[in-house]
Amino acid sequence: MNSNQKLFVPSLPTLWPSMLWGRAKTAGFQPFASANVRYFYFARNAVWLTVKMLGLDKGEVLMPSYHHGVEVEAVIDAGATPRFYRVGSRWDVDLEDVEKKIGPKTKALYLVHYAGFPGPVSEMREIADRHGLPLIEDCALSLLSADGTQPLGTTGDIGIFCLYKTLPVPNGGALTINGPRQYSLPEPPPPPLASTFSHTVSALLQNLELRGGTMGRGLRSLIRKVGHGTVKAANIERVATGTQHFNRDHVDMGMSPLTKRIALAQDLEGIVEKRRRNYFFLLGRLRDVSTPLFNQLPPGVCPLFYPIVVQDKAEVLGKLHAMGIDAIDFWNRFHPACDAAAFPEVGQLRRSIVEIPCHQDLEPEVMANVAAAVREAVKTDRRTRKRAG
């Protein structure tokens with residue numbers, strides 16, 4: 001890459017025009033293969049409904065201290081009280097702490113699978129069964145992932161998924177119900193068509209910039225300016241995805257039919273393969289500048305991103321953004337309901353993890369540029385810290 005040429009590496013996969021009319025395929029992945037599934041605009045809607053459906057309100061839900069926060073808000077809004085268990089510096093769940101925290105008010109266990117990597121779901125299942133509790137599997141960051149051959153979201157009583165973090169869709173979350181017990185769930189109404197259209201156009205324009213280089217970047221900028229003016233003039237409600245907080249006004253909003261059409265037309269096996277390839281590439285190029293959280297990629301894992309440990313998140317993110325890489329400051333805040341002082345390992349994680357894109361849109365030559373940029377940003381970060389020390 002020319003040193004003067006800016007990269008364009010979006011954090012999420014983009015939408016190819018051909019995906020809008022692609023033929024539906026039989027998907028063997030969760031949640032699409034589930035016999036009992038409901039789709040929503042957000043995964044957080046599924047969390048809220050799970051609390052109501054299982055009658056967890058007025059009781060405690062035992063949740064990980066390493067969390068986004070929006071899932072905690074959904075649990076609280078639905079009427080339950082979150083209590084938190086320890087997560088270690090390698091995203092490892094402290095199972096002894098889980099068992100110790102179970103009390104007379106505990107009504108469910110909640111497990112998050114981080115960035116595609118399986119948590120100890122079999123062990124959590126055993127603990128839940130010993131105490132007669134339901135197990136909720138949060139797979140919002142782990143669509144298409146499996147623990148070996150066991151798809152994530154199928155061991156717990158409930159599986160919760162987010163589609164738009166992994167697939168190029170305008171919205172989408174899902175709730176799957178496992179086991180013999182059936183629940184009568186109404187199909188939520190679709191979201192406003194204008195909102196779906198706005199997100200779809202945005203993903204198409206990102207693809208234009210990704211494939212079109214400088215010309216694509218200029219055309220995308222022009223179209224966005226026109227589009228923003230049109231949306232404002234027409235007073236279109238755009239229900240944003242990726243927001244930080246739970247909004248009760250959107251709890252009954254379903255997934256758009258277009259989302260399901262695009263999702264089912266994807267080559268899901270190919271997506272897993274490409275994401276694994278890109279993760280392996282970054283692992284090989286970055287392990288010497290930052291000790292990896294995971295030194296290997298277990299079978300079945302579909303990585304959402306490459307988590308890199310840095311010393312100064314703000315400096316590294318600033319350098320990567322300046323180079324055109326949409327790296328993300330991963331989960332930097334505790335929810336106020338969680339006592340940060342009680343979980344120092346999680347506090348350190350929140351101060352140090354940066355999310356590097358490794359999604360299916362990124363070809364090997366792009367990944368080479370990403371790896372080089374990250375190496376330089378991390379080395380600069382270390383030099384700066386060394387001088388300051």
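Which strands does helix α8 (residues 313-322) lie across, and at about what angle to β12 does it run? The legend to Figure 4 gives the reply, after a look at the whole chain. This is a predicted model, in which local features need pLDDT of at least 70, side-chain atom pairs count only at pLDDT 80 or more, and totals for chains, interfaces and linings use all residues. Residues are numbered from 1 along each chain as its sequence is written, and side-chain values use heavy atoms, with hydrogens and water left out.

**Figure 1. The whole chain and its confidence.** Let us start with the overview. The chain holds 10 helices and 12 strands; helices (H or I, at least four residues) and strands (E, at least two) are DSSP runs, numbered from the N terminus. Of its 389 residues, 54% count as buried, where buried means under 20% relative accessible area, exposed over 50%, and partly exposed in between (1.4 Å probe, protein chains only). About 17400 Å² of the chain is exposed, and carbon and sulfur atoms supply 53% of that area; the areas come from the Shrake-Rupley method with a 1.4 Å probe, and for residues only the protein chains shown count as cover. Among contacts (heavy atoms within 4.5 Å) with a separation of 6 or more, 74% join residues 24 or more positions apart. The average pLDDT, which is the predictor's confidence in each residue from 0 to 100, is 87, and 84% of the residues score at least 70. Please treat residues 215-236 separately: pLDDT stays under 50 there, and the model has 16 contacts beyond four places in sequence for this stretch.

**Figure 2. The seven-stranded sheet.** The strands of this open sheet follow the order β1-β9-β8-β5-β4-β2-β3, with mixed pairing; two strands pair if DSSP finds at least two bridges between them. β1 and β3 are the edge strands, each pairing on one side only. On average, and with direction ignored, neighbouring strands are turned by 20° against each other. Here axes are lines fitted to C-alpha atoms, for helices over the stretch in contact, and angles run from 0 to 180 degrees between N-to-C directions. At the β1 edge, four bridges join β1 to β9 (residues 173-177) in the antiparallel sense, and F40 has G173 as its bridge partner in β9. Helix α2 lies across β2, β3, β4 and β5 (135-139), at about 180° to β2. Helix α4 also packs on the sheet, where it touches β3, β4 and β5 and makes about 180° with the direction of β4.

**Figure 3. Strand β2 and its two neighbours, β3 and β4.** All five residues of β2 (residues 60-64) are buried. With β3 (residues 81-85), β2 pairs in the parallel sense over five bridges, and V61 has P82 as its bridge partner. Between these strands the chain passes through helix α2 (residues 70-77), giving a right-handed β-α-β crossover; right-handed means that, with the strands pointing away from the viewer, the path from the first strand over the helix to the second runs clockwise. Towards β4 (residues 106-112), β2 makes three bridges, again parallel, with L62 facing its bridge partner L109.

**Figure 4. The three-stranded sheet and two helices across it.** Here is the reply to the opening question: α8 lies across β11 and β12, running at about 20° to β12. The open sheet has the order β10-β12-β11 and antiparallel pairing. β10 (306-309) and β11 (328-329) each have a single partner strand, so one side of each is left without a neighbour in the sheet. Four bridges link β10 to β12 (residues 353-356), and V309 stands opposite I353. Helix α7 (residues 268-286) lies across β10 and β12, at about 20° to β10.

**Figure 5. Backbone details worth a close look.** Most residues other than glycine have a negative phi, and most peptide bonds are trans. The peptide bond from Q30 to P31 is cis, with omega near 5°, and P31 is found in the segment before β1 (37-40). W91 has a positive phi of about 60° and sits in the loop between β3 and α3 (95-101). W91 is buried, with a relative accessible area of 6%. A115 has a positive phi too, near 55°, in the loop between β4 and α4 (121-131). A115 is buried as well, with a relative accessible area of 0%.
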